[in-house]
Amino acid sequence: MCSRRQLLVRLCALLSATFILAGCSSLPRTTYTASDAASSTVLHLGELRRYADEPAAAFKPDVNSRTGPLSYLALSGGGADGAYGAGVLNGWTAAGTRPRFSVVSGVSTGALIAPFAFLGPAYDATLREVYTSGIAESLLDRPSIVHALFGSGLFGNTQLRELVARYVGQDMLAAIAAEHAKGRDLLVVTTNLDTQRTVIWDMGRIAAIGSPQALDLFRDVLAASASIPVVFPPMLIDAEANGHRFQEMHADGGVTAPVLTLPEAFLLRNGAIARGLRMNIYILVNDKVERDFRLVPNSTIDIAARTSASVTKTQIRSVLFETYDAARRNNFGFNLTYIARDFPSPASSGFETGYMRSLYQYGFDRAKAGDFWAKAPPTDDSLLNDFRYRKPAAPQEEAK
């Protein structure tokens, strides 16, 4: 289904023998300890990030300073399928019903979308360019077996970071800092491979620093969140603890969190939801979330691809149902959009421009028409209705 997963699985299969040969090769890293990791800071500041496994008390948004209902937009991962999210946001603008979000979170390809979604319709044209101009396809046009053998990703460590730097500059940083000062939050998820923890970066706080180092960190976090393992190398982010400097290894946020909603964790006050709080949650999944039937070929690559798709789909559905339950208990609005099960899958396993353009247009048309929000996660009823369970016909009685 998703080109991101197909690409990853096929690259793993093709390179497995190469990795065996390269097993003794690795790039040197400065060592650090679990104690260092537990107290590490970035840019000498401890409040630039939180971890998804921290207690709810660690999340302290200033909800009391906000008036009216909060709007929370959560953008999932999905690789090339991020074109759907770009189309939805542009179509939503065209419909004239797109809100100004109080909180925007992004994972993987959703992290690349998140700054544009956070800043609003003024950045719609740029977002469309990122996903439909063909620049995404160019990320995968120079594979190198040298990078695979002696580096940490098939496509080197510059192409994705250069794409981020092309669109994220000091002007964008200043614009995000200005919105952060108004009480809005922009969050991006990475996976710290050293600690195996889900890291939630406060991009508004990083932007507010305003220094060249902050811009570098902002770009590094976006690139790290979108760094599909094996395809792109993880990002090494400078940190320090206990007087010791080192680099943490951060990769695709989708490894540990397919989409970040966590509405309760961000809104709790002393263990309870703030009284009278109103909230609308919008979850934009750049993927298919309905289960489907497919006869899987009995081959290693196809089995691996189907297994990966099943794991990811199960993770996403779990988050959706948990968020839906939280929304119902707290009288929050729940809104979900995703790629329909019957949308044609890509012909190739890369960031194919034609596919991304068609997916962008599909998202745009759905959002502009206004028929794109589901009020509950999809059940399996439609799939079950497709199955035909028939009782075996009874054998005819033998003639007497």
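This is a guided tour of a predicted model, with a selection to make at each stop.

**The whole chain**

Start with everything shown. The protein has 14 helices and eleven strands. Of its 400 residues, 52% are buried. Among contacts with a separation of 6 or more, 80% are between residues 24 or more positions apart. The exposed surface comes to about 18800 Å², and carbon and sulfur atoms supply 53% of that area.

Next, colour by confidence. The average pLDDT is 83, and 76% of the residues score at least 70. Select residues 143–155, where pLDDT stays under 50. The model nevertheless gives this stretch 39 contacts beyond four places in sequence. Then select residues 387–400, where the pLDDT is also below 50. Here the model has one contact beyond near neighbours in sequence.

**Strand β2 and its two partners**

Select residues 70–75, which form strand β2. How many of the six residues are buried? Six of the six are, so β2 is largely enclosed by the rest of the structure. Show the side chains: Leu70, Tyr72 and Ala74 point one way, while Ser71, Leu73 and Leu75 point the other way. In a regular strand, side chains alternate between the two faces of the sheet. In β2 the residues pointing either way are all buried.

Add residues 279–284, strand β10. β10 runs parallel to β2, and six bridges join the two strands. To find the register, look at Ala74, which stands opposite Ile283 in β10.

Now add residues 103–107, strand β3. The pairing of β2 with β3 is also parallel, over four bridges. Tyr72 of β2 stands opposite Val103 in β3. To follow the connection, add helix α3 (residues 82–95), through which the chain crosses from β2 to β3. This β-α-β crossover is right-handed.

**Helix α5 and what covers it**

Select residues 124–132, helix α5. Which residues of α5 are buried? They are Asp124, Leu127, Val130, Tyr131 and Thr132. Looking along the axis, these residues cover an arc of only 165°, which puts them on the same side of α5. An α-helix has 3.6 residues a turn, so residues three or four places apart point the same way.

Bring back the surroundings. The cover over the buried residues of α5 includes α3, α4 (109–119), α7 (159–167) and α13 (353–369). Helix α3 is the one already selected for the crossover from β2 to β3.

Step past the end of α5 to Gly134, which has a positive phi, near 100°. Then select Thr353, which is in helix α13. Thr353 is buried, with a relative accessible area of 10%. Leaving aside residues up to four places away in sequence, Thr353 touches Thr132, Gly134 and Glu137. Thr132 is one of the buried residues of α5, and Gly134 is the glycine that follows the helix.

**The β6–β7 hairpin**

Select residues 235–241, strand β6. Five of the seven residues are buried, so β6 is largely enclosed by the rest of the structure. Add residues 244–252, strand β7. The two strands run antiparallel and are joined by seven bridges. Ala241 of β6 stands opposite His244 in β7.

β6 and β7 form a hairpin with two residues between them. In the turn, select Asn242, where phi is positive at about 55°.

**Three loop positions**

Most residues other than glycine have a negative phi. The next two selections depart from that pattern.

Select His44, in the loop between α2 (34–38) and β1 (49–51). Its phi is near 65°, a positive value in a residue other than glycine. Is His44 buried or exposed? At 61% relative accessibility, against a cut-off of over 50%, His44 counts as exposed.

Select Gln196, in the loop between β4 (185–192) and β5 (197–202). Here too phi is positive, near 60°, in a residue other than glycine. Gln196 counts as exposed, at 68% relative accessibility.

The last stop is Gly210, in the loop between α9 (203–209) and α10 (212–225). Gly210 is partly exposed, with a relative accessible area of 37%. Draw a distance from its C-alpha atom to that of Asp171, 39 residues away along the chain. The separation is 9.9 Å.

Methods:
Residues numbered from 1 in each chain as written. Heavy atoms only, no water. Buried < 20%, exposed > 50% of the residue type's maximum accessible area, 1.4 Å probe, protein only. Pairing = 2+ DSSP bridges. Right-handed = clockwise from strand over helix to strand, strands pointing away. pLDDT = per-residue confidence, 0-100. Contact = heavy atoms within 4.5 Å. Arc of directions from axis to C-beta. Areas by Shrake-Rupley, 256 points an atom, 1.4 Å probe, with all protein chains shown as cover.
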